[in-house]
Amino acid sequence: MYQAFREFLERELFERFDLRTRPIPPGLEFNASDRGKTSATIRSWSYECPQLRKIRYTYIDAGEMAQVFNSVIYPSHHYDLPLLGIDFLTFGKKKILVVMDFQPLFRDEAYQEKYIEPMKSLRDRYDDLAQNLEMKFYDANQYFSKYLLFAKTDAETVQSRLFPAYQEYIRLYLQILEQTEPLADPEAIQRVAKAQKDYDQYSADRDPASGLFSSYFGHEWAERFLYEFLFEDAVPLA
Ligand code: BLA
């Protein structure tokens, strides 16, 4: 259901950047579970280049039960850009939840103006995909912008509306990256490194998918996947 989304992201990145494969810890790149009628596969990809220190995306294919496409792009610590976050989920025939955002590392006015305001016209055109839904797992004021796409929708809208919105958000993000001067001040760079690490810790500790990973692939694998791949700069809770 989201394969064309994955292919689009891949093409955009490979056209613009000189990507190298970024290693995924052994055993985490792929897994398959077969519990009678609920068989599922999970596959991940990861790349890097000088401007983007970690590109990762994951596809879960559990047939009619679940289709998930999840991605985070982390710029090099020399860029204070937001992270590009994507989480598209389809469960069964009815439930589709889509989230996409430039996930801010800082919340001051100047930052908003520089990195979040450019999204406004896009968000306004895709108003139907920005539904102001309440968040249960995350705090909407942390690592989410006011222009995030966040919607409960249907398969038809995924094709007709989400796909073009997704393409525009990705192109805008990469365009902003290309127009941004890298940081030179070591303290500024350290501040970005710290903010990206805090994002990993925050996200790993709250990940709403951890139950889903556990149920398909077992608790041990789920913990490794979270703390060694998805959010590898986080340390597991004691
Ligand atoms: C919600 N994301 C969810 C849910 C799941 C996942 C299972 C709960 C859906 C429900 O309400 O039943 C799934 N999260 C995943 C998967 C991975 C993951 C499969 O990290 C990893 C492979 N989530 C992100 C990113 C964003 C994000 C990058 O991982 C940013 C765009 C957003 N996911 C996000 C939000 C919700 C969500 C905002 C709603 C959570 C809430 O209500 O607080």
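Which backbone nitrogen lies 3.4 Å from a polar atom of the side chain of S145? It is the backbone nitrogen of L148, and the first view below shows this spot. Welcome to a predicted model, in which local features need pLDDT of at least 70, side-chain atom pairs count only at pLDDT 80 or more, and totals for chains, interfaces and linings use all residues. Residues are numbered from 1 along each chain as its sequence is written, and side-chain values use heavy atoms, with hydrogens and water left out.

**View 1. S145 and its backbone partners.** S145 belongs to the loop between helix 3 (120–125) and strand 8 (149–153); helices (H or I, at least four residues) and strands (E, at least two) are DSSP runs, numbered from the N terminus. With a relative accessibility of 6%, S145 counts as buried. Buried means under 20% relative accessible area, exposed over 50%, and partly exposed in between (1.4 Å probe, protein chains only). A polar atom of the S145 side chain is 3.1 Å from the backbone nitrogen of Y147 and 3.4 Å from that of L148. A polar contact is a pair of N or O atoms within 3.5 Å; within protein, one must be able to donate a hydrogen and the other to accept it, and residues adjacent in sequence count only if both atoms are side-chain atoms.

**View 2. Two positive phi angles, at N132 and Y143.** Most residues other than glycine have a negative phi. N132, however, has a phi near 50°, and Y143 has a phi near 65°. Look for N132 in the loop between helix 3 and strand 8, where Y143 is found too. N132 counts as exposed because its relative accessibility is 70%, whereas Y143 is buried, at 9%.

**View 3. The ligand and its shell.** Here the ligand sits in the largest pocket. On a 1 Å grid over the protein atoms alone, a pocket is an open set of points with protein on both sides within 12 Å along at least five of seven lines; a molecule sits in it if more than half of its atoms lie within 2 Å of its grid points. Of the 26 residues around the ligand, the nearest are D87, K95, K136, F137 and D207; a residue is near if one of its heavy atoms lies within 4 Å. Strand 5 (66–75), strand 6 (83–91) and strand 7 (95–103) each give at least two residues to this shell. The shell holds 17 nonpolar, four polar and five charged residues, where Ala, Val, Leu, Ile, Met, Phe, Trp, Tyr, Cys and Pro count as nonpolar, Asp, Glu, Lys and Arg as charged, and the others, Gly among them, as polar.

**View 4. Polar partners of the ligand oxygens.** A backbone N or O atom of F137 is 2.5 Å from a ligand oxygen. Side-chain N or O atoms also take part: one in D207 lies 2.6 Å from an oxygen of the ligand, and one in N70 lies 2.8 Å from a ligand oxygen. The protein covers 94% of the 860 Å² of accessible area that the ligand has on its own, by the Shrake-Rupley method with a 1.4 Å probe.

**View 5. P164 and Y57, each with a partner distant in sequence.** P164 is in helix 4 (residues 155–179) and is partly exposed, with a relative accessible area of 28%. From C-alpha to C-alpha, P164 and Y126 are 9.4 Å apart in space and 38 residues apart in sequence. Y57, in strand 4 (residues 52–62), is buried at 1% relative accessible area. Y57 and E223 are 166 residues apart in sequence, and their C-alpha atoms are 17 Å apart.

Terms used:
On a 1 Å grid over the protein atoms alone, a cavity is a set of points where a 1.4 Å probe fits but cannot get out, and a pocket is an open set with protein on both sides within 12 Å along at least five of seven lines; lining residues have an atom within 4 Å of a point.
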